[in-house]
Amino acid sequence: MNRENKRKQYQKGYYKTHVCDDSFTCRVCGRPVVPAGAGSDHRNHCPNCLSSLHVDDEPGDRAADCGGIMDAIGVWVRKNGEWAVIHRCRRCGVLHSNRAAADDNPMKLMSIAMKPVAFPPFPLERIEELTALMGGDGSVE
């Protein structure tokens with residue numbers, strides 16, 4: 001069964017209270033995705049490329065009519081230290097946060113986490129000058 005037809009088959013809110021043990025093929029990388037190894041009862045993104053589909057308005061409701069591909073654009077750390085992946089829909093631009101799964105590609109997670117450091121919003125050659133303008137002495141201790 002494909003993910004797009006699930007919301008037609010189950011009542012609203014079904015996935016909030018029931019384990020999702022369906023497999024699917026990732027629409028971005030084409031790999032088969034199985035629920036085993038996720039470390040939770042809900043597999044909501046591909047562990048290889050971290051992409052997802054925009055099927056929920058609220059977690060588990062399957063109420064979104066968009067169905068667009070959700071790209072992993074960032075990560076953040078929750079209060080308990082758990083990582084979560086930030087997804088943005090290619091079609092409508094909505095942002096969602098999904099818990100990182102136990103079997104997610106660690107290199108992909110780290111590359112997304114390091115992207116802001118690799119591409120700062122200012123030229124690195126001017127970091128001393130910019131620090132001095134902000135009242136810092138520019139030295140690193």
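Start by selecting proline 47, which sits in the loop between strand E2 (32-33) and strand E3. Keep in mind that you're looking at a predicted model. Is proline 47 buried or exposed? It counts as buried, because its relative accessibility is 17% and the cut-off for buried is under 20%. Now show what surrounds proline 47: leaving aside neighbours within four places in sequence, it is in contact with Val33, Asp103, Asp104 and Asn105.

Next, add leucine 109 to your selection. Proline 47 and leucine 109 are 62 residues apart in sequence, yet their C-alpha atoms are 9.8 Å apart in space.

Leucine 109 also takes you to the next stop, the largest nonpolar core. Which residues make up this core? Select Leu50, Ala72, Val85, Ala100, Leu109 and Ile112, six residues in all. Then click on isoleucine 112: setting aside neighbours within four places in sequence, its contacts are Leu50, Ala72, Ile73, Gly74 and Val75. There's a second, separate core too, made of five residues, among them Phe24, Cys26, Val33 and Cys46.

Time to hunt for disulfides. A disulfide is a covalent bond between the sulfur atoms of two cysteines. How many does the structure hold? Zero. Zoom in on cysteine 26 to check: the nearest cysteine sulfur belongs to cysteine 49 and is 3.5 Å away, and cysteine 26 is in no disulfide. Cysteine 26 is buried, with a relative accessible area of 6%.

Now hop over to cysteine 92. Why is there no bond to cysteine 89, which has the closest cysteine sulfur? The two sulfurs are 3.8 Å apart, so they are too far away from each other for a bond; a disulfide needs them within 2.5 Å. Cysteine 92 counts as partly exposed, at 46% relative accessibility.

Your next pick is aspartate 56, in the loop between strand E3 (52-53) and strand E4 (69-77). Aspartate 56 is buried, because its relative accessible area is 14%. Leaving out neighbours within four places in sequence, aspartate 56 is in contact with Asp61, Arg62, Ala63, Ala64 and His96.

Finally, zoom out and switch to the cartoon view. You should find four helices and six strands, following the pattern α-α-β-β-β-β-β-β-α-α along the sequence. Of the chain's 141 residues, 30% count as buried. Turn on the surface as well: the chain exposes about 9,100 Å², with carbon and sulfur atoms supplying 54% of that.

Terms used. Residues are numbered from 1 along each chain as its sequence is written. This is a predicted model: local features need pLDDT of at least 70, side-chain atom pairs count only at pLDDT 80 or more; totals for chains, interfaces and linings use all residues. Side-chain values use heavy atoms; hydrogens and water are left out. A nonpolar core is a set of buried Ala, Val, Leu, Ile, Met, Phe, Trp, Tyr and Cys residues joined through side-chain atoms within 4.5 Å. Buried means under 20% relative accessible area, exposed over 50%, partly exposed in between (1.4 Å probe, protein chains only). Contact means heavy atoms within 4.5 Å. Helices (H or I, at least four residues) and strands (E, at least two) are DSSP runs, numbered from the N terminus. Accessible areas come from the Shrake-Rupley method with a 1.4 Å probe; for residues, only the protein chains shown count as cover.
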